[in-house]
Amino acid sequence: MSSQDRSGNTEITRKPRPKIVRTVVTVLIVLLAVFFLRSYLRGGGKPQQAMQSMAPQAPRVVLREVELADLAASREYIGRVEAIQSVSLRPQISGEIVGVHFKDGSLVKAGQALFSIDRKPYQATVDLRLADLAKAEANYERASKYRERLRASDSRSVSGNELDMAESDVLQAKAAISQAKAALKLAEINLGYTRINAPISGRIGKAKFTVGNLVGPAGGELARIVQTNPIRVSFALPDRDYLEQTAAFRSSGTSVYNATIRLADGKAYPFRGERDYEDNAMDEKTGTLMISLRFKNDDGLLVPGSMVSVATKPAKKHVAPVILQESILADEQGDYVYVVDESNVAHQRRVKLGAELGQMREIVSGLRAQEKVIVYGTQFVRPEMTVAPEMMPSAEASKTAVELAKESTKDVPILSSDRSGPTSSDEGKR
């Protein structure tokens, strides 16, 4: 509309456009109605449930209990299996083998007959030495009787020279008896060498000579026996480790090695080693000391000459709490974890870290055994927040727990940046 003032000029008056305003308001009302209607339908027709569906949900997290582990210092070395005793069987006499009394590779006992050498010539020698002894004894008896007759005769009819000769004959006959006895003993020893027995118990190898072969002292070994139970494992221990273990043994009041070994296939040997001996000097080239441990070997799994892994640690234990590395967070103030109480409320707990143990980490202070620590889902947690926990198996994380941790990123409300406490960008894992 327009109006004309007194001067004759025309003035244009602009009025608001209520139609546009009403249209905008109507659109907003419709959108809000649609939003509330959808919330109402999702809530099963109940307004209260619709409002609850709009409320933030507790983030899902995966928990694991704090465990106790023995953290005593452990070292691994390459060890060689050695027989404590080994014997090379060699003949002491020459002769023909007439018997082999064992099976190649079998276990033999000390005193068991292994080889037999033809004993006929040595038995004949024994018989000959017996005859020589009998002859020497007869000569001694004759010389003794002759001397006694001379002594009983009239001194005027027996010269001193004759008496001296009789005394000499007695002494020579006595010496001949001793000589014959020694020769007989030597013949009996050689006769005993015709039967070769096992000097130790152990496993015997292959017989290198069989029946019908002529053998002698210079002909080489007949077979070899190695002791297999107990058995020895030797390894080189660096000088620094030796000093550390010696100090640990003294503090624990024992000098026995607490050692285990792993076989070539990676399996742990069921028996623990005991201290056998240490070498009396360090190797100048390598700076190591040779250590030998003694192990039971009832099943014969340890074979002389084979290689094993030796793990040693002091007998004194060092038990401490351990948690997974994924549980540990860090900020400007240091390391911390989230501990969940019985009411499912997450509390921030400062911790002091110790040694790394693969996927685990030692906790020097700040945690106790059996407390529940958040492992996965920490990026959506803030101090004193209620969470929806899921326990992880104590031995190792199951596939279900890992998948749950991945799903914990879904349907989680985004926290406001002005909320107190560190944000997810400030958190880091060690």
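## Ala-388 and its distant neighbours

Let's start with a single residue. In this predicted model, Ala-388 belongs to strand 27, which covers residues 388-391. Is Ala-388 buried, partly exposed or exposed? Its relative accessibility is 29%, so Ala-388 counts as partly exposed, because that value falls between the limits of 20% for buried and 50% for exposed.

Now look at what surrounds Ala-388. Leaving aside residues up to four places away in sequence, Ala-388 touches Ala-58, Pro-59, Arg-60 and Val-61. Gln-57 makes a nice example of how folding brings parts of a chain together: Ala-388 and Gln-57 are 331 residues apart in sequence, yet their C-alpha atoms are 8.9 Å apart in space.

## The chain as a whole

Stepping back, you can find six helices and 28 strands in the chain. The chain has 430 residues, and 32% of them count as buried.

How many of the contacts between residues at least 6 apart in sequence join residues at least 24 apart? The share is 74%.

## Two long-numbered helices

Helix 3 runs over residues 120-152. With 33 residues at 1.5 Å a residue, helix 3 should span 48 Å, and its end C-alpha atoms are 49 Å apart, so the two values agree. Helix 4, at residues 160-192, gives a matching story: its 33 residues should also span 48 Å, and the distance between its end C-alpha atoms is 49 Å, which agrees.

Which residues of helix 4 are buried? They are Ala-166, Val-170, Ala-173, Ile-177, Ala-180, Leu-184, Ala-187 and Leu-191. Try tracing them along the helix with this in mind: an α-helix has 3.6 residues a turn, so residues three or four places apart point the same way. These buried residues of helix 4 pack against helix 3 and strand 10 (195-197).

In helix 3, the buried residues are Tyr-122, Val-126, Leu-133, Ala-136, Ala-143, Ser-144, Arg-147 and Leu-150. Helix 4 is among the parts that cover them.

## The nonpolar cores

The largest nonpolar core has 26 residues, and the members that touch the most others are Leu-89, Phe-102, Leu-114, Phe-115, Ile-204 and Ile-225. Two or more residues of this core come from each of strand 9 (113-117), helix 3, helix 4 and strand 13 (223-226). Helix 4 gives the most, with five residues.

Ile-204 is a good place to look around. Not counting residues up to four places away in sequence, its contacts include the core members Leu-89, Phe-102, Leu-114 and Ile-225. Ile-204 also touches Lys-103, Asp-104, Gly-105, Ser-106, Val-108, Ala-223 and Arg-224. Apart from the largest core lies another one, of 17 residues, including Val-233, Leu-263, Leu-293 and Val-308.

## An enclosed space

Rolling a probe the size of a water molecule over the atoms shows where empty space is left. The structure holds one cavity of 30 Å³ or more, and the space in the largest cavity is about 30 Å³.

Which residues line the largest cavity? The lining is made of Arg-64, Glu-65, Val-322, Ile-323, Leu-324, Ser-327 and Met-360. Four of these residues are nonpolar, one is polar and two are charged. Strand 3 (60-65) and strand 19 (319-324) each supply at least two of them, and strand 19 gives the most, with three.

Technical notes
Residues are numbered from 1 along each chain as its sequence is written. This is a predicted model: local features need pLDDT of at least 70, side-chain atom pairs count only at pLDDT 80 or more; totals for chains, interfaces and linings use all residues. Side-chain values use heavy atoms; hydrogens and water are left out. A nonpolar core is a set of buried Ala, Val, Leu, Ile, Met, Phe, Trp, Tyr and Cys residues joined through side-chain atoms within 4.5 Å. Buried means under 20% relative accessible area, exposed over 50%, partly exposed in between (1.4 Å probe, protein chains only). Helices (H or I, at least four residues) and strands (E, at least two) are DSSP runs, numbered from the N terminus. Contact means heavy atoms within 4.5 Å. On a 1 Å grid over the protein atoms alone, a cavity is a set of points where a 1.4 Å probe fits but cannot get out, and a pocket is an open set with protein on both sides within 12 Å along at least five of seven lines; lining residues have an atom within 4 Å of a point. Grid points are joined across faces, edges and corners, and a volume is the space filled by probe spheres set on the points. Ala, Val, Leu, Ile, Met, Phe, Trp, Tyr, Cys and Pro count as nonpolar, Asp, Glu, Lys and Arg as charged, and the others, Gly among them, as polar. The expected span of a helix is 1.5 Å times one less than its number of residues.
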